[in-house]
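User: Please take a close look at one part of the structure shown below, namely the nonpolar core. I should be grateful for a single connected account suited to a first-year student.

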Amino acid sequence: MIKLTEIVQNAGNYNPETKKADSSYSVREFFVNPKFIVSMIENNSLSEMHKRAPIINDLSPKAKFTKLTIASGVNGVVYHNILGAPNQHMPHMSEN
């Protein structure tokens, strides 16, 4: 198992001025068996959003995010947003 930091989007209330639902983000520890990882791709939209206005306080504006795809049963996958660029996670994937 490897430990990652997952970015979790918390739904907010509808904002009539922006005509969107306001969202907040938080982090939590996330453990995964690397054998079930199907793919990792940089989440450019989350990285750009964080660069414009921090989604997580005290996190560098240069932070990168990855969309992680995990196999979850017969023909199923689950997606998780994790902190860090894909190449930052590669050394940990080959350890196990």
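Analyst: A nonpolar core is a set of buried Ala, Val, Leu, Ile, Met, Phe, Trp, Tyr and Cys residues joined through side-chain atoms within 4.5 Å. Buried stands for a relative accessible area under 20%, exposed for over 50%, and partly exposed for what lies in between (1.4 Å probe, protein chains only). The model is predicted: local features need pLDDT of at least 70, side-chain atom pairs count only at pLDDT 80 or more, and totals for chains, interfaces and linings use all residues. Residues are numbered from 1 along each chain as its sequence is written, and side-chain values use heavy atoms, with hydrogens and water left out.

The setting comes first. The chain has two helices and five strands, given here as DSSP runs numbered from the N terminus (helices are H or I with at least four residues, strands E with at least two). Read from the N terminus, the order of these elements is β-β-β-α-β-β-α. Along the principal axes, the C-alpha atoms occupy a box of roughly 50 × 30 × 20 Å. Of the 96 residues in the chain, 31% are buried.

Eight residues make up the largest nonpolar core: I2, L4, F30, V32, I37, L68, I70 and I82. Two or more of these residues come from each of β1 (2–15), β2 (20–32) and β4 (65–71). A second core, separate from this one, has seven residues, among them I7, L46, I55 and I56. In soluble globular proteins, nonpolar side chains tend to be buried together.

F30 is a useful member of the largest core to examine. Apart from neighbours within four places in sequence, F30 is in contact (heavy atoms within 4.5 Å) with I2, K3, L4, E6, L68, I70, H80 and I82.

One of the partners of F30 is I70, a residue of strand β4. With a relative accessible area of 8%, I70 is buried. Once residues up to four places away in sequence are set aside, I70 touches F30, V32, F36, V38, G76, V77, V78 and H80. I70 also shows how the fold brings distant parts of the sequence together: I37 is 33 residues away along the chain, yet the C-alpha atoms of the two are separated by 4.5 Å. For the chain as a whole, residues 24 or more positions apart account for 48% of the contacts with a separation of 6 or more.

A71 lies in strand β4 as well, but its relative accessibility of 29% places it among the partly exposed residues. Leaving out residues up to four places away in sequence, A71 touches F36, V38, G76 and V77. From A71 to K35, which is 36 residues away in sequence, the C-alpha atoms are 9.0 Å apart.

Helix α1 (residues 44–52) also contributes to the interior, through its buried residues L46, S47 and H50. Seen down the axis of α1, these residues fall within an arc of 100 degrees, so they line one face of the helix; the arc is taken from the directions between the helix axis and the C-beta atoms. S45 and R52, on the other side of α1, are exposed. The cover over the buried residues of α1 includes β1, β2, β3 (37–42), β4 and β5 (77–83). S47, a residue of this helix, counts as buried at 4% relative accessibility. Beyond residues up to four places away in sequence, S47 touches E42, A63, K64 and F65.

The loop between α1 and β4 holds D58, which provides a contrast with the interior. D58 is exposed, with a relative accessible area of 85%. Its phi is near 65 degrees, a positive value in a residue other than glycine. Most residues other than glycine have a negative phi.

Finally, the aromatic rings deserve a word. K67 lies over the face of Y79, at 4.6 Å from the ring centre; this arrangement requires NZ of Lys or CZ of Arg within 6 Å of the ring centre and within 35 degrees of the ring normal.
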